[in-house]
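Here are a few short exercises to work through with the model open. Try each one yourself before reading the solution.

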Amino acid sequence: MASRASRSPTDEQFADLVHTAWPSLYRTAVLLVRDHALAEDLVQTALAKTYGNWSGIRDVGAARAYARRAVVTTATSWFRRRSFRGERPTAELPEPVAETDPRGATGDRIDLLAILAQLPPRQRAVVVLRYYDDLSVEETADLLGITSGTVKSQTSAALDNLRRLLGEGVDLPETIPGKPLTTGGHHG
Amino acid sequence: MAERLTDLLHHTVDDLPIPHPDATAIAAAGRARRTRRRVGTVAAATAAIAAVGIGGAVVAGLDDRPARNSQVATQDPAGDAYAELGAFSVGEHVIVGDATAELSPAPHHLAQTSVGVVTQQFNGAGGAGGKAFSLVRPDGTVTPLSIPADAWSVSGDPRNARVAWLVPLEKEGRIHVWDVARDKELATLQVDLPGKIPEGGTSGVREIQLDGDFAYVGTDQRTAHRVDWRTGEDRELPFSPVAVHDGVATSFDDGGRWTLVDAATGDVIRDLGRRIETTALSPDGDHVFVVRFDDTRSVASIEPTAGGTPVELPGLTGLSSWSLGGRVVGQVDGQVDGQVDGTSTLRRCDVDGRCDDAPIPWTDEENPLVLPADYLMLG
């Protein structure tokens, strides 16, 4: 049985978690929110939440997973509160404009952060979790608190949008209606 | 040559300069969150952060609000409507966000989860049969669930697609946790519940509460348990929880005194006092809706869990519940201000006391009342 974490982490335990998890969480956060300072705030908030809920975490090893979940759910919460202040969602993505040319101003490097920022938050989250963090459909569903079917449909929609936004420059996974999506990770 | 999406994602961020985290400041902010939830104030939390903010990194936006405006907007209108508008039913009409589904017979209990509302209906005439459960999603689709008939009442987890229920047995209880999105059981656990259960029927058993990895069960014989449903670890609690959200619990003692409690430790966060008709915790555990008895009337208010000035919500009664997004939703008391017949008006109020009213088209003589989601009947 997994060992139970104490009510509060020791300074050493928490510092270890922060220093080992920070780089990965920060990169995930950048992909989610684009803005580096906001990403930093996001990871700090997620880790503070992890500390605050330490007594509810099964073991020290689970804290890292908890922190990643907190990054995504906190980002979602931020987006939602913004929408609550009167910003209504749009039904369709805008057409790509010059400022979001996938190759950017220099024409030699794809500005993926700008492209991702044009995706709805949930589509962006599933792309990041599946193709960057290498989570399975089921793991992504569990982390986002949605169904596997929704993950698949959101992934499919996200890839369609990315295909349109990125053009032919990127090799995107195939999506076949009604069939499971292939896993996106390159780590196996 | 075309780049793979995964490679492109890694190329985009793997070489980014990584800012140096200040673990001490983050830990202090985490402690401040705990303090704020227990006995402190927002001011105390800010002071705690400031006291340790000496390192190279700046800790900002730790009150769970974005420090800067994000550049994105959600495109899940149904889910947003559910979070913002909440869920309730009137007779056979079940309203989830801005969608309405019709269920017959009328459901008698609604449990909010992250993916929609689990409804419970009596099957067969007069409720003689088993109970039927369905998931009503924010887009209005209804999916029957195969939750077995011995689930006499389910409790939802507002942050996950899960419900739980307790089957009371002789001196023990069986906890079930069910994934409502995939319609399958996740866990079954046996818990010792001293005493003859049920004593006087299932009404003697407090409703189970599901909060993330933990299920909370108890009896009116003053035994209560916190069970990690993933591992089976069971710990007896020094208090009897009524509701638990995000690690915060409400509880009341034999003398009728209500308290807010740290669900993990049993530490009292704050005393809510006596002469309380009912309470309801917000899904994030940061606020509590309280209906107090005044000398002549009931007064509904929202109070920060950590303490502070209550925000009165005129017109709302104990027949109210929280939306997932943090608004209290309830039917306006028909006697409000002594003049308005508000029985067909629904009021939604945020934690700052800003309220919106909307008509309820389905109330009539046969169905005069709104059934709020997560409405808890205390046995």
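**Exercise 1.** Is B:Cys355 buried, partly exposed or exposed?

*Solution.* Start with the ground rules: this is a predicted model, where local features need pLDDT of at least 70 and side-chain atom pairs count only at pLDDT 80 or more, while totals for chains, interfaces and linings use all residues. Residues are numbered from 1 along each chain as its sequence is written, chains are lettered from A in the order in which they are written, and side-chain values use heavy atoms, leaving out hydrogens and water.

Next, the cut-offs: buried is under 20% relative accessible area, exposed is over 50%, and partly exposed lies in between (1.4 Å probe, protein chains only). B:Cys355 has 32% relative accessibility, so it counts as partly exposed.

**Exercise 2.** Find the bonding partner of B:Cys355 and work out the handedness of the bond.

*Solution.* Look for a disulfide, meaning a pair of cysteine sulfur atoms within 2.5 Å. B:Cys349 fits, with its sulfur 2.1 Å from that of B:Cys355. The S-S torsion is about 110°, so this disulfide is right-handed. B:Cys349 itself is buried, at a relative accessible area of 0%. Over all chains, the structure holds one disulfide.

**Exercise 3.** Describe how α1(A) and α1(B) pack.

*Solution.* First locate them: α1 of chain A covers residues 11-33, and α1 of chain B covers residues 5-13. (Helices are DSSP runs of H or I, at least four residues; strands are runs of E, at least two; both are numbered from the N terminus.)

Now the geometry: the helices pack at about 105°, with axes 10 Å apart. Axes are lines fitted to C-alpha atoms over the stretch in contact, and angles run from 0 to 180 degrees between N-to-C directions. Angles under 35 degrees are roughly parallel, over 145 roughly antiparallel, 65 to 115 roughly perpendicular and the rest oblique. The pair α1(A) and α1(B) is therefore roughly perpendicular.

Finally, who touches whom? Contact means heavy atoms within 4.5 Å. A:Arg27, A:Val30 and A:Leu31 meet B:Leu9, B:Thr12 and B:Val13.

**Exercise 4.** Where in chain B should you check the confidence?

*Solution.* Use pLDDT, the predictor's confidence in each residue, from 0 to 100. Chain B has a mean of 78, and 77% of its residues reach 70 or more. Then pick out the weak stretches: pLDDT stays under 50 over residues 36-75, and also over residues 335-340. For residues 335-340, the model has three contacts beyond four places in sequence.
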